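Let's walk through this protein together, from its core to its charged pairs. Keep the sequence and the 3D view side by side as you read.

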Amino acid sequence: MKAAAREERSSDTSGKTEPEKRGRKASKEVRQQQLIEATIDSLAKRGYSETTMADVADGAGLSRGIVNFHFESKEKLLVATLAYMADEYAAHWRVALTKAGEDPARQLRALVAADFDRSICNKRKLAAWCAFWGEAKSRPTYQALCGARDAAYQKIFIDLCATLKHGGGYAYEPQVMALALSAMLEGLWLRLMMGTEDVTRESALQAANEFLSAAFPKHYPPDSGR
């Protein structure tokens with residue numbers, strides 16, 4: 001630990017300029033990102049319980065002391081990794097929502113499509129998400145970390161379902177429909193992660209669009225999403 005600290009601080013002298021100090025800060029951020037990416041790799045390869053600080057260090061090509069210096073414990077590293085993944089996911093769907101414009105039907109379709117974008121939906125990240133999901137029930141920190149983000153996301157779904165109900169004269173309850181939509185998307189993610197039934201990102205997105213057509217036929221006529 002002390003050796004890692006000395007390594008990190010060896011260039012820290014009183015004569016350094018502000019640009020040099022910013023460079024050191026950027027280097028720290030880059031190194032932490034390396035460790036987070038290596039953690040995602042290890043979770044995908046080994047699972048939650050089998051992932052160790054040594055695995056992460058080896059995967060990042062860094063010393064084990066450096067891992068301890070930046071995160072101190074496996075739990076802190078995992079919390080940082082979950083926070084990164086949750087923030088990345090939230091930023092991704094918010095961009096998709098903004099690009100869709102003001103039309104609620106386009107917004108909902110954009111949110112659904114965003115779930116199957118390769119940058120978010122790939123076996124590596126899906127496996128890491130599943131590793132965290134398996135631990136969430138017994139780890140309140142994980143629930144608290146993702147709870148507010150999940151609530152904001154679900155509220156968007158509920159509001160869009162309510163708007164489409166009003167415009168299309170549908171008989172469903174918006175909250176129930178939003179729950180069904182979210183459960184369908186999570187189920188498709190799980191099938192993709194398990195590799196069952198030859199499900200691909202493309203076929204999963206097609207299935208999701210079929211759900212939209214069945215649930216909101218006036219807004220998504222058959223073949224409208226193909």
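The paragraphs below take up the nonpolar core, one helix, a lone charge and the salt bridges.

A word on the ground rules. This is a predicted model, in which local features need pLDDT of at least 70 and side-chain atom pairs count only at pLDDT 80 or more, while totals for chains, interfaces and linings use all residues. Residues are numbered from 1 along each chain as its sequence is written, and side-chain values use heavy atoms, with hydrogens and water left out.

Let's begin inside. The largest nonpolar core (buried Ala, Val, Leu, Ile, Met, Phe, Trp, Tyr and Cys residues joined through side-chain atoms within 4.5 Å) has 57 residues. Buried here means under 20% relative accessible area, exposed means over 50%, and partly exposed lies in between, using a 1.4 Å probe and protein chains only. Helix 5 (residues 74-99) gives the most to this core, with 9 residues; helices (H or I, at least four residues) are DSSP runs numbered from the N terminus. Leu108 is among the core residues with the most contacts inside it. Leaving aside residues up to four places away in sequence, Leu108 touches Phe157, Leu160, Leu164, Leu181, Leu212, Phe216 and Tyr220, where contact means heavy atoms within 4.5 Å.

Now look at helix 10 (residues 201-215). Its buried residues include Arg201, Ala204 and Leu212, and their cover includes helix 6 and helix 9 (174-194).

Next comes Asp115, in the loop between helix 6 (104-114) and helix 7 (123-136). What is the nearest side chain of opposite charge to this aspartate? It is Arg201, 11 Å away, and the buried Asp115 has no salt bridge. For charge, Lys and Arg count as positive and Asp and Glu as negative, with His and the chain ends not counted. Beyond four places in sequence, Asp115 touches Tyr89, Cys121, Tyr153, Leu185 and Trp189. Cys121 is itself buried, with a relative accessible area of 2%.

Finally, the model has 8 salt bridges, each a side-chain nitrogen of Lys or Arg within 4 Å of a carboxyl oxygen of Asp or Glu. In one of them, Asp159 pairs with Lys155, with the closest N and O atoms 2.8 Å apart. Both lie in helix 8 (residues 140-168), 4 residues apart, about one turn of the helix. Asp159, at 35% relative accessibility, is partly exposed, and so is Lys155 at 49%. Arg201 meets Glu202 in a salt bridge (3.6 Å, N to O). Salt bridges that share partners also join Glu37, Asp41 and Arg124 into one network.

Terms used. Helices (H or I, at least four residues) and strands (E, at least two) are DSSP runs, numbered from the N terminus.
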